[in-house]
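Okay, thanks for squeezing me in. I'll put the structure up and then walk through a few spots in it.

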Amino acid sequence: SRRWRTTVAAALALGVAAFLAASPGAARAVATPSPTPTPKSAASTPPVAKSHAAFGLGPSNATAVDGRPTYLWSVTPGGTIADHVAVVNYSAAPLTLDLYARDAVNAPTGALNMQAQNVQPTGAGSWITLEIPGHGSTVTVPARSTLIVPISLAVPTSATPGDHTAGIITSLDAKATATNGKQIVSPNFDQRVAVPV
């Protein structure tokens, strides 16, 4: 099996980088100077203190991350399977993160990528259900903690034989404030970490 994790970062008007850290797959915002992430639920004015938003995602059992690099499920048409995903907050403050499944797609370079959050999956990503309390689309993970979320897969009876690839993704949409000479810019900054299915 091929092991990979992806971190996708998008910034407007400023090059801001995200990088992949230790297992489970993790994203941490960095810039020069460091960005000040403000989660969606916080006020639009960034806090004065500089902080980092660092989080990860990985396959788990019902109690802890279990070390699998990916989800490798073999299911017949009409079959179901239950599993878990761990969302890890490495930060010193609670984080509210989006959690969703999407289809894997080919990027223009030929690399494997995940659909954007605003694109509805039509393949294997649509077969995955994340059992978030209250049927929500976000999870709040306390500082330096791990949250385990049950997931399930239901393969339609019309599924064709072969590989069907998707991913489970967690993301944080924040503001990254940086100074470029005398200009201060605050672009939107989207950090994503995905585990392939």
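Quick bit of vocabulary before anything else: when I say two residues touch, or are in contact, I mean heavy atoms within 4.5 Å. And keep in mind that what you're looking at is a predicted model.

Let's use that term right away, on aspartate 83. Not counting residues up to four places away in sequence, aspartate 83 touches Ser60, Arg68, Tyr71, Trp73, Val149, Pro150 and Ile151. Aspartate 83 sits in strand 5. So is aspartate 83 buried or exposed? Our cut-off for buried is under 20% relative accessible area, and aspartate 83 comes in at 11%, so it counts as buried.

What does its side chain do in there? Aspartate 83 has a polar contact of 2.8 Å, side chain to side chain, with arginine 68. There's also a polar contact between the side chains of aspartate 83 and tryptophan 73, at 3.0 Å.

The arginine contact is worth a bit more time. In general, side chains of opposite charge can pair when their charged atoms come close. Here, arginine 68 and aspartate 83 form a salt bridge, with the closest N and O atoms 2.8 Å apart. That pair links distant parts of the chain: arginine 68 is in the loop between strand 4, residues 54-60, and strand 5, residues 80-89, while aspartate 83 is in strand 5 itself, 15 residues apart from it.

How many salt bridges do we get altogether? Two. The other one also uses arginine 68, this time with aspartate 66, and the closest N and O atoms there are 2.9 Å apart. So Asp66, Arg68 and Asp83 are joined into one network, because the salt bridges share partners. Now look at the exposure across that network. Arginine 68 is partly exposed, at 27% relative accessibility. Aspartate 66 is partly exposed too, with 31%, whereas aspartate 83, as I said, is buried at 11%.

One more residue in this neighbourhood: serine 60, which is found in strand 4. With a relative accessible area of 1%, serine 60 is buried. Skipping neighbours within four places in sequence, its contacts include Asp66, Arg68 and Asp83, along with Tyr71 and Ile148. Those contacts of serine 60 take in each member of the salt-bridge network.

Okay, zooming out. What's the secondary structure like? Zero helices and 14 strands. There are 197 residues in the protein, and 40% of them are buried. If you take the contacts with a separation of 6 or more, 67% of them are between residues 24 or more positions apart. As for the surface, the protein exposes about 10100 Å², and 55% of that is supplied by carbon and sulfur atoms.

On pairing, I'll stick with strand 10, residues 145-154. Strand 5 pairs with strand 10 in the antiparallel sense, over 10 bridges, and asparagine 89 stands opposite serine 145. Strand 8, residues 128-130, also runs antiparallel to strand 10, with three bridges joining them. In that pairing, isoleucine 128 stands opposite leucine 153.

Now for the greasy part. The largest nonpolar core has 30 residues, and the ones touching the most other members are Leu57, Tyr71, Leu97, Leu99, Val139 and Ile168. Elements giving two or more residues to this core include strand 4, strand 5, strand 6, strand 10 and strand 14. Take leucine 99 from that group: leaving out its neighbours within four places, its contacts include Leu57, Val139, Ile168 and Ile169.

Which residues belong to the other core? That one lies apart and has five residues, among them Tyr100, Ala104, Met114 and Ile169.

Let me finish on isoleucine 169, which lies in strand 11, residues 166-175. Why does isoleucine 169 count as buried? Because its relative accessibility is 0%, and the cut-off is under 20%. Beyond its neighbours within four places in sequence, isoleucine 169 is in contact with Leu57, Asp98, Leu99, Tyr100, Arg102, Met114, Gln115, Arg192, Val193 and Ala194. Pick aspartate 98 from that list: the two residues are 71 apart along the chain, yet their C-alpha atoms are separated by 8.0 Å.

That's my tour, so over to you for comments.

How values were computed:
Residues numbered from 1 in each chain as written. Predicted model: local features only at pLDDT ≥ 70, side-chain atom pairs only at ≥ 80, totals over all residues. Heavy atoms only, no water. Helix = DSSP H or I, 4+ residues; strand = E, 2+ residues; numbered from the N terminus. Buried < 20%, exposed > 50% of the residue type's maximum accessible area, 1.4 Å probe, protein only. Areas by Shrake-Rupley, 256 points an atom, 1.4 Å probe, with all protein chains shown as cover. Salt bridge = Lys/Arg side-chain N within 4 Å of Asp/Glu carboxyl O. Pairing = 2+ DSSP bridges. Core = buried A, V, L, I, M, F, W, Y, C linked by side-chain atoms within 4.5 Å. Polar contact = N/O pair within 3.5 Å; in protein donor to acceptor, adjacent residues only side chain to side chain.
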